[in-house]
Structure formats: C-alpha cells, structure tokens
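User: I have a structure open and would like to go through it. Can we take it piece by piece?
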Amino acid sequence: MKPSNKLKVTSDYNPSGDQPQAIEAIYNGLKNNSLNQVLMGVTGSGKTYTMAKTIELTQRPALILAPNKTLAAQLYGEMKVLFPKNAVEYFVSYYDYYQPEAYVPRTDTFIEKDASINEQIDRLRHSTTRSLFERNDVIIVASVSCIYGIGPVETYSKMILEISCGEELERSFIIRQLVELHYKRNEHNFFRGNFRVIGDVIEVFPSHFDDKAWRIELFGDQVEFITEFDPLTGKKLRTLDQIKIYSNNHYITTRPTLQEAIKKIKIDLEIRIKQFKEEKKLLEAQRIEERTNFDIEMMEISGTCAGIENYSVYLTGRNPGDPPPTLFEYLPDNAILFVDESHVTIPQINGMFKGDYSRKSNLANFGFRLPTCIDNRPLKFLEWDQMRPNTIFVSATPGPWEMKQTGGHFIEQIIRPTGLVDPLCEIKPAKNQIDDLIEECRKTISLGYRCLITVLTKRMAEDLTEYMTDLGLKVQYMHSDIETLERIEIIQNLRRGNSDILVGINLLREGLDIPECALVAICDGDKEGFLRSHTSLIQTIGRAARNINGKVVIYADRITKSITSALDETERRRTKQIEWNKKNRIVPKSITKKITTIVEYQKNIIKKERNLYSNISSSKHNSVQYIKVLKKEMLKAASELKFEEAANLRDKIKSIENKELEIYSET
C-alpha cells in the first residue's frame with residue numbers, strides 16, 4: 001500500500017457563485033464513470049479552484065494538462081498553494097533550447113541536434129515519476145510535451161536500488177548498481193545524479209532532489225547507517241531506515257536488453273543498405289552504414305549514444321507502429337485528467353505527430369537514420385484519445401471536438417465570486433478607428449484605468465505604438481518577438497501606471513490578468529479569421545471582465561458571424577450574472593491583485609545567491625560548479641551576440657570569485 005496524505009485543499013475561501021453546482025456536477029459525472037465532461041467557465045470564475053475542490057472530493061490522483069510551459073507554471077504555483085501537504089508535481093519539456101535533427105533536401109542541408117537541458121526541470125520530472133510510484137495523493141501539472149515518449153514504465157519501475165539498515169550488501173555491488181542506474185562517480189564535484197565513495201561510506205545525490213543527499217555507511221558488508229544530509233553544508237538532516245534510489249535517466253535500459261537491441265539494429269541496417277543499393281542510392285547507403293555503425297559502437301562501449309532515442313523501438317521491445325511509452329502509462333488506473341484551455345490544447349495534441357513525422361521521414365529517406373526513428377515520436381491523437389482516463393475539458397470557449405464528445409452538453413460556471421459581470425460591448429465603424437480609439441483611450445486614462453488594444457500584425461502594433469507615443473500617450477507594444485521576461489516587465493509597467501496602453505496582436509494568448517484594465521479595443525474586428533474568430537473574440541472580451549467599469553469596443557464596418565455569436569454569448573452570460581447578483585444581493589467589486597510577483601522573484605534570487613556565498617567556505621566545490629554553469633551561460637550569450645547579458649554574467653562570476661577569496665583569506 002502506498003503511503004500518502006489525504007488530498008486536502010488549504011484555502012480561506014469556500015466555493016461560491018455557481019462553483020458548488022459545477023463541483024457537484026463534475027463529481028457526479030466521475031462517480032458515474034463519465035469519460036468526457038466539459039466545464040465552460042468564464043474568465044475570473046475560479047476554474048482552477050473548481051478543479052482543486054473536485055480533486056479533494058474524489059480523492060483521486062490528477063493530471064492537469066496545459067497548452068504551454070507558462071500556463072503550466074501558473075497552475076503548478078496555484079496547486080502548490082492549494083495542496084501544501086500533497087505531492088504537487090511539474091512535468092514539462094526539460095529543454096531550455098531545442099533544435100531537432102533535420103534534413104532539408106532542397107538545399108542539401110543537414111542540421112545537427114542541438115539542445116540545452118534545464119537541470120531543475122529534469123529533477124522535477126524525476127520527482128513526478130517517483131511520486132507516482134510511491135504515493136496516491138499526486139497532482140501533476142504538465143504541458144502537452146507529456147505525450148512524447150519517455151522510458152517504458154515496466155523497465156523504469158524495475159531499475160530501483162532499495163537499501164535498508166542492517167542489510168547485507170557488498171560495497172562493490174552498490175557501486176555497480178549506481179552505475180547501472182546512470183549515476184556518475186565524482187569525488188570532487190558532488191551534484192544531482194552523482195555519487196562519491198570515501199572508504200566504506202557511499203554518498204548519493206538522488207535524481208529527484210536538489211537540496212538533499214543520502215549517505216550510506218557500511219561496516220564490512222553490512223549497511224550500518226543511512227542518513228539524509230545537506231550536500232551544500234554537509235549538515236545531517238535525519239536518519240533513515242530505508243531508501244529507494246531511482247534511475248538518473250528515464251530512458252534506462254538493462255545491459256541484456258541493450259545487447260539484444262544491437263543485434264536487431266544490425267539486421268535492420270543490412271536490410272536498409274541493401275534497399276538503398278538496389279535503388280542506386282549509393283550515397284544514402286554509405287551514409288546510413290557509417291552513422292549507424294558509429295552509434296552501435298558507442299552503445300557497446302558506453303551503453304548509450306548521441307540520439308539514442310531514435311532507437312527507442314529496439315530498446316523498449318515494442319513493435320514498429322506501437323504507441324511510445326509516455327507519462328500516461330505511469331498514471332494509476334483511477335487517475336483523472338483536466339485539459340485546461342482545451343480549445344488550444346486539443347488542436348496542439350492533434351497536430352504534434354504530423355510535424356514530427358514529416359521531419360523524421362526526411363531523415364530516414366536520405367540515409368541519416370533507420371526508418372524506425374519514426375517510432376521515436378509523440379502519441380497520435382487517436383492513441384492519446386484511447387489512452388486517456390476520465391477527462392474534464394476546461395475552457396471559457398470549448399472547441400467543437402470536446403463538445404462533440406459530450407453530445408453538446410456542458411457544465412457551466414459563469415458567476416464570478418466578485419459579482420463582476422461580462423463587460424458591455426460596443427461596435428463602432430472601422431473607417432476612422434484610430435482617431436476614435438485615441439479618444440476612448442484618453443477618457444479611460446483620465447479615470448485612472450488602463451487600455452488594451454488588439455491589432456492584426458506586428459507591424460501595425462509597432463506603428464500604432466509609435467503614433468500614439470508621438471501624441472503624448474504612454475504606450476507599449478507586445479508580440480511574439482518580445483522575450484518572456486520582458487513581457488512580464490511590460491505587464492508590470494502597465495499595472496503600475498508606468499504605461500497606460502498596451503498594444504498587441506493576440507493578447508488572449510498571453511494569459512493577461514490586469515484588473516486595472518477598463519478598456520479593450522479590437523481593431524479591424526470584421527477581418528474574420530483566426531484572430532477574429534468567435535473563440536478569439538470571446539477570449540479577448542474576457543480581458544475586460546476583471547474591472548467593474550470594463551468596456552469593449554469592436555471596430556468593424558460589417559457584422560460578421562463571429563461578432564454576432566460572440567456578442568450573443570456575452571449578452572447571455574451578462575443576463576445570468578445580473579440576475580444572480582440581484583437574487584443574492586451581491587454588489588460587484590473589481591478584482592484586486594498585488595503587484596509583487598517580479599519584485600519577490602528578484603528578492604528570492606538575491607537571497608539564494610547570498611546563501612550560496614555564505615556557504616562557500618563549507619563547500620568549495622559547489623561554488624566551482626556554480627561558476628562553471630555561469631561561464632557556460634556567458635559563452636552561450638556571447639555566441640548569440642547578447643553582449644550585455646554576457647557582461648552581466650561575467651560580473652556575477654567575478655563577484656563570486658572575489659567573495660570566495662575573501663572567505664578563504666579570513667580562514
């Protein structure tokens with residue numbers, strides 16, 4: 001039996017508005033084993049809280065699927081606060097930068113795979129799979145990258161080293177097992193995924209920890225003590241009776257399996273070479289022979305090779321065309337799935353396999369990879385659909401696919417806890433939209449509020465910003481060319497009043513939460529398409545739903561079907577919300593939200609750096625490792641011509657080195 005705590009929401013708030021009805025309806029659906037449910041919740045109605053209370057009520061582990069890392073991070077932070085005593089985990093792609101292997105036949109260009117792995121996210125992925133094996137009270141927040149293949153659960157679950165106090169274990173056996181689990185022996189530079197041996201003491205830094213390590217003390221061939229300690233200071237934290245050491249790599253393979261895989265690879269290689277020669281493709285034949293033989297040689301020597309994931313079909317023992325092992329295979333049978341922002345997430349899942357297949361086919365056809373490389377892929381949509389557990393699709397604007405699964409039925413959540421109603425919408429001619437827009441902005445700013453403007457192209461956003469700035473308005477623009485951290489800073493500036501107007505293209509995608517916004521203007525609203533579809537318009541209108549004086553102006557010379565349906569839906573919701581407020585004597589209030597996110601984030605970074613400096617004297621090799629990481633980042637920034645960033649990193653390295661010299665000169 002897995003030990004676990006009861007799934008318990010910790011919050012000062014109780015379900016309000018139509019949250020209780022939504023929670024009860026979802027719970028009843030799960031109790032009746034409904035595979036598909038749709039929660040249609042408007043912006044600001046507390047959909048995340050509804051998900052949390054449903055998890056608490058069902059006492060079932062849950063996977064929450066988000067369309068991107070940013071939204072996944074927001075949900076992860078909220079769930080960590082709501083479930084402080086439970087295992088809330090984060091599972092997203094561990095690449096900070098990823099350039100996949102590719103071949104462009106038209107220009108005869110081969111692009112090598114280039115990637116930068118984020119160690120912290122990799123640790124969180126390991127923490128996720130460990131929690132699934134050891135606990136029942138697990139809530140996982142993941143991005144759509146979780147439908148990509150990882151190591152098979154049947155192999156990963158067997159490759160575990162369990163050690164108990166008093167157990168008879170040879171020192172050499174433990175070391176061999178750690179190497180089998182992909183841990184690296186390093187006596188001087190002790191960090192996650194490493195182990196070191198000092199006489200009869202073996203210290204292991206587990207793959208799922210970032211601030212704790214384990215010390216195994218032997219007396220002869222007997223395990224005498226197991227302790228948990230701080231790897232930075234060496235301070236003992238607690239004594240343990242038993243530990244489980246999981247693999248340092250999800251793609252772990254036993255040596256017998258690897259040897260069997262190599263035999264199959266050699267057979268398929270011979271077949272492929274013969275095929276190319278029969279087709280008079282001698283260059284491709286030579287290329288596949290050299291590249292594959294090199295990979296085989298590396299696997300025989302080290303147990304792995306660059307791009308070993310392309311041989312996954314051999315290593316997992318699955319047949320070509322079978323679904324790859326993914327996080328979904330690690331989930332317990334009673335898990336539930338929430339698909340957040342389903343109108344975006346479902347199309348993403350549907351499209352991921354097709355793009356991957358096109359790229360891999362080119363590699364196989366031109367002799368860069370064996371045809372089986374295609375089986376290193378994300379799940380096909382139908383495979384995901386058949387594999388997923390009981391699912392709740394969550395969105396303010398559910399897509400046609402999820403609505404079809406429920407026969408058009410949905411659970412509605414349109415009452416906001418604050419009593420706010422959807423904003424009034426006004427349609428104005430697009431002919432003189434800029435002059436009218438400026439006048440509307442001036443009125444809104446004079447009342448102390450902020451404005452959001454959506455346009456159709458990056459050029460329009462930049463030109464409009466420049467024009468309005470020349471008129472004396474405080475304007476900034478935001479689009480996909482703006483980096484993530486800079487976007488956050490722009491939003492913070494808008495909220496603080498350093499700027500009054502924000503111009504963007506697809507602001508609904510940015511996850512904007514600006515209670516100070518009282519005007520949303522949609523330029524060229526009659527240019528029907530993705531940016532002016534029914535879904536996009538409703539999502540954009542929702543940006544003004546956090547302020548009691550919120551207003552939306554749509555500039556259009558003709559009323560499109562998308563505008564009509566968006567306005568009808570908004571009015572339907574407004575009517576229900578107003579009736580609810582009257583019935584329950586609720587006075588609407590604007591949402592209030594502190595502007596502390598960035599400041600607190602910077603303070604935490606400074607605090608961590610100070611802690612690192614203060615602990616240098618007790619663990620010199622950790623400061624050396626930190627400097628190595630910073631130097632790597634500095635060189636990368638310089639190679640990308642980001643000289644200002646490189647200079648800042650250089651100054652940080654010098655600061656650490658100087659601090660280190662001061663500490664050691666004092667001692």
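Analyst: We can go through a sheet, the cores and the cavities. Keep in mind that this is a predicted model.

User: Sheet first. What is the order of the strands in the open sheet?
Analyst: The order is E10-E11-E12-E13-E14-E15, six strands with mixed pairing.

User: Which ones are the edge strands?
Analyst: Strand E10 (184-185) and strand E15 (236-240), each of which pairs on one side only.

User: And what holds strands of a sheet together, in general?
Analyst: They pair through backbone hydrogen bonds, and the pairing is either parallel or antiparallel.

User: Then in which sense do E12 and E13 pair?
Analyst: Antiparallel, over four bridges; E12 covers residues 201-204 and E13 covers residues 213-219. Within that pair, Ile202 has Ile216 in E13 as its bridge partner.

User: Now the inside. How many residues does the largest nonpolar core have?
Analyst: It has 58 residues. Those with the most contacts inside it are Ile140, Ile163, Leu178, Ile202, Ile245 and Trp384. The element that gives the most to this core is E13, with four residues.

User: Is that one of several? What lies apart from it?
Analyst: Another core, of 33 residues, lies apart from it; Tyr49, Ala52, Ala72 and Ile411 are among its members.

User: Back to Ile163. What does it touch?
Analyst: Leaving out residues up to four places away in sequence, Ile163 touches several residues, including Leu169, Ile174, Ile216 and Ile245. Ile216 is the bridge partner of Ile202 mentioned earlier.

User: Switching to cavities. How many of 30 Å³ or more are there?
Analyst: Three. The largest has a volume of about 240 Å³, and the second largest holds about 80 Å³ of space.

User: What lines the largest one?
Analyst: There are 22 lining residues, with Ile150, Pro152, Ser312, Thr316 and Pro325 nearest the centre. By class, 10 are nonpolar, eight polar and four charged. Helix H9 (residues 312-315) supplies the largest share, three residues.

User: And the second largest?
Analyst: That cavity has 13 lining residues, and Thr43, Asp422, Ile538, Gly542 and Arg573 lie nearest its centre. Helix H16 gives the most to this lining, with three residues.

User: Where does Thr43 lie?
Analyst: In the loop between strand E1 (36-41) and helix H2 (47-58). Not counting residues up to four places away in sequence, Thr43 touches Arg416, Gly542, Arg543 and Arg546.

User: Why does Thr43 count as buried?
Analyst: Because its relative accessibility is 11%, and buried means under 20%.

Notes. Residues numbered from 1 in each chain as written. Predicted model: local features only at pLDDT ≥ 70, side-chain atom pairs only at ≥ 80, totals over all residues. Heavy atoms only, no water. Pairing = 2+ DSSP bridges. Helix = DSSP H or I, 4+ residues; strand = E, 2+ residues; numbered from the N terminus. Core = buried A, V, L, I, M, F, W, Y, C linked by side-chain atoms within 4.5 Å. Buried < 20%, exposed > 50% of the residue type's maximum accessible area, 1.4 Å probe, protein only. Contact = heavy atoms within 4.5 Å. 1 Å grid on protein atoms, 1.4 Å probe; cavity = no way out; pocket = protein on both sides within 12 Å on 5 of 7 lines; lining within 4 Å. Points joined across faces, edges and corners; volume = space filled by probe spheres on them. Nonpolar A, V, L, I, M, F, W, Y, C, P; charged D, E, K, R; others polar.
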